[in-house]
Amino acid sequence: MNPQPRAPQALPEVGEEEIRPLIDRNLHLEGPLLPMLHDIQAAFGHIPETAVPMLAAALNLGRAEVHGVISFYHDFRKAPAGRHVLKICRAEACQSMGGEAMAERLLAQLGLDWHGTSADGRVTVEPVYCLGLCACAPAAMLDETLMGRASEARLMAAVEGAE
């Protein structure tokens with residue numbers, strides 16, 4: 001499998017009328033920003049730019065504060081991911097066990113950069129900073145399946161086997 005990176009394409013426009021109910025249904029919560037972001041991402045597969053000023057206004061926050069929360073949490077995305085998401089740990093334990101070199105070889109084989117999605121939309125590769133498998137480093141996760149002692153061959157087989 002050697003897919004080319006997906007060419008940047010225009011994201012479908014998401015209007016305020018589609019986002020407003022997702023904000024409104026969480027306004028009663030204490031600390032509603034994260035539930036709002038989760039609902040928006042669940043609905044659209046990413047956090048549309050349209051949502052940032054709406055969230056800021058609804059919560060009396062600055063746009064930079066909202067953006068800071070979105071960029072801090074690695075699961076929030078600016079564009080929809082592929083059908084499968086491969087997360088590769090980049091924390092110290094995994095680095096010490098060759099995870100960094102393994103990840104670079106895998107990215108090269110897939111023809112992707114970090115956060116890249118294959119042209120066929122099958123897989124998006126993302127860095128994470130601990131999957132809790134430090135004793136079994138290097139670690140990765142394909143969708144919800146954790147993999148300890150990951151290797152380039154094992155990860156490629158998992159990606160190729162994913163439908």
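Me: Which domains does the lining of the second largest pocket draw at least three residues from?

Reply: Keep in mind that this is a predicted model. Domain 1 (16-72) and domain 2 (84-161) each give at least three residues to that lining. The pocket holds about 210 Å³ of space. Two elements, α2 (33-44) and β1 (84-89), give two or more residues to the lining.

Me: And by class, what has the lining of the second largest pocket?

Reply: Five charged residues, four nonpolar and three polar. Including a few by name, you'll find His38, Arg77, Lys87 and Glu144 there.

Me: On to helices. Which residues of α1 are buried?

Reply: General idea first: an α-helix has 3.6 residues a turn, so residues three or four places apart point the same way. Now the case here: in α1 (residues 16-24), the buried ones are Ile19, Leu22 and Ile23. They cover an arc of only 100° around the axis, so they sit on the same side of α1. Among what covers them are α2 and α3 (51-59).

Me: What about the backbone: where is the place of Asn60?

Reply: Asn60 is in the loop between α3 and α4 (63-72). Its phi is near 55°, a positive value in a residue other than glycine. Asn60 is also exposed, at 72% relative accessible area.

Me: Is Cys130 exposed, partly exposed or buried?

Reply: Partly exposed, with a relative accessible area of 41%. Cys130 has a positive phi too, near 130°, and lies in the loop between β2 and β3.

Me: Which loop does Pro138 lie in?

Reply: The one between β2 (123-128) and β3 (140-142). Look at the peptide bond from Ala137 to Pro138: it's cis, with omega near -5°.

Conventions: Residues are numbered from 1 along each chain as its sequence is written. This is a predicted model: local features need pLDDT of at least 70, side-chain atom pairs count only at pLDDT 80 or more; totals for chains, interfaces and linings use all residues. Side-chain values use heavy atoms; hydrogens and water are left out. On a 1 Å grid over the protein atoms alone, a cavity is a set of points where a 1.4 Å probe fits but cannot get out, and a pocket is an open set with protein on both sides within 12 Å along at least five of seven lines; lining residues have an atom within 4 Å of a point. Grid points are joined across faces, edges and corners, and a volume is the space filled by probe spheres set on the points. Helices (H or I, at least four residues) and strands (E, at least two) are DSSP runs, numbered from the N terminus. Ala, Val, Leu, Ile, Met, Phe, Trp, Tyr, Cys and Pro count as nonpolar, Asp, Glu, Lys and Arg as charged, and the others, Gly among them, as polar. Domain bounds come from an automatic or database domain assignment. Buried means under 20% relative accessible area, exposed over 50%, partly exposed in between (1.4 Å probe, protein chains only). The arc is that of the directions from the helix axis to the C-beta atoms. Contact means heavy atoms within 4.5 Å.
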